[in-house]
Amino acid sequence: MEEKKAGIGSIIATILIIAVIILGALYFWGKRVEETRTGNNLLNESSESDVETILSLSSDDDLDTIEAELNSTNPEPASEF
């Protein structure tokens, strides 16, 4: 009888350990998917604003116009990932 109880106890412990490992893996996988989605949304938003900025620039090659457009742009990156 003692051997059966010890065998059942170790099987239950093994199942619990495997379940905890699987749940942990699913948790971290879900966080990674969420971070990827958030990063893609930020990338799409910054790309749209960059396109709007580029389209608003004039084709004039006068030095004063180029300098004014350069001063009006933001040289800093939109966001850090």
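**Reading the labels of a predicted model**

Q: Why is T73 called partly exposed?
A: In this predicted model, T73 has a relative accessible area of 31%. Buried requires under 20% and exposed over 50%, so T73, at 31%, falls in between and is partly exposed. T73 is found in the segment after α2.

Q: How far apart are T73 and L57 in sequence and in space?
A: T73 and L57 are separated by 16 residues along the sequence, and their C-alpha atoms are 10.0 Å apart. L57 itself belongs to the loop that runs between α1 (2-56) and α2 (63-72).

Q: What makes L57 buried, partly exposed or exposed?
A: The relative accessible area of L57 is 37%. This value is neither under 20% nor over 50%, and L57 is therefore partly exposed. The C-alpha atom of L57 is also 7.0 Å from that of E69, 12 residues away along the chain.

Q: Which class does E67 belong to, and why?
A: E67 lies in helix α2 and has a relative accessibility of 45%. As that is between 20% and 50%, E67 counts as partly exposed.

Q: What makes the surface patch of D60, D61, D62, D64 and E67 positive or negative?
A: Asp and Glu count as negative, and the members D60, D61, D62, D64 and E67 are of these two kinds, so the patch they form is negative. Membership requires over 30% relative accessible area; E67, at 45%, therefore meets that requirement.

Q: Which residues form the nonpolar patch on the surface?
A: The patch consists of I18, I22, L23, L26, W29 and V33, which together have about 610 Å² of accessible area. One of them, L23, lies in helix α1.

Q: Why does L23 count as buried or exposed?
A: L23 has a relative accessibility of 57%. The cut-off for exposed is over 50%, so L23 is exposed.

Q: How many aromatic pairs does a search of the whole structure find?
A: The search finds 1 aromatic pair. Y27 and F28 form it, with 5.3 Å from centre to centre and 75° between the planes.

Q: Why is the pair of Y27 and F28 called edge-to-face?
A: The centres, at 5.3 Å, lie within the 6.5 Å limit, so the rings count as a pair. Their planes are 75° apart, over the 60 degrees required, and the pair is therefore edge-to-face.

Q: What makes the exposure labels of Y27 and F28 what they are?
A: Y27 has a relative accessible area of 48%, which is not over 50%, so Y27 is partly exposed. F28 has 58%, which is over 50%, so F28 is exposed.

Technical notes. Residues numbered from 1 in each chain as written. Predicted model: local features only at pLDDT ≥ 70, side-chain atom pairs only at ≥ 80, totals over all residues. Heavy atoms only, no water. Phe/Tyr/Trp six-rings, centres within 6.5 Å; stacked < 30°, edge-to-face > 60°. Buried < 20%, exposed > 50% of the residue type's maximum accessible area, 1.4 Å probe, protein only. Helix = DSSP H or I, 4+ residues; strand = E, 2+ residues; numbered from the N terminus. Patch = residues over 30% accessible without salt bridge, like charges linked within 9 Å, V, L, I, M, F, W, Y side chains within 5 Å. Areas by Shrake-Rupley, 256 points an atom, 1.4 Å probe, with all protein chains shown as cover. Salt bridge = Lys/Arg side-chain N within 4 Å of Asp/Glu carboxyl O. Charge placed at Lys NZ, Arg CZ, Asp CG, Glu CD.
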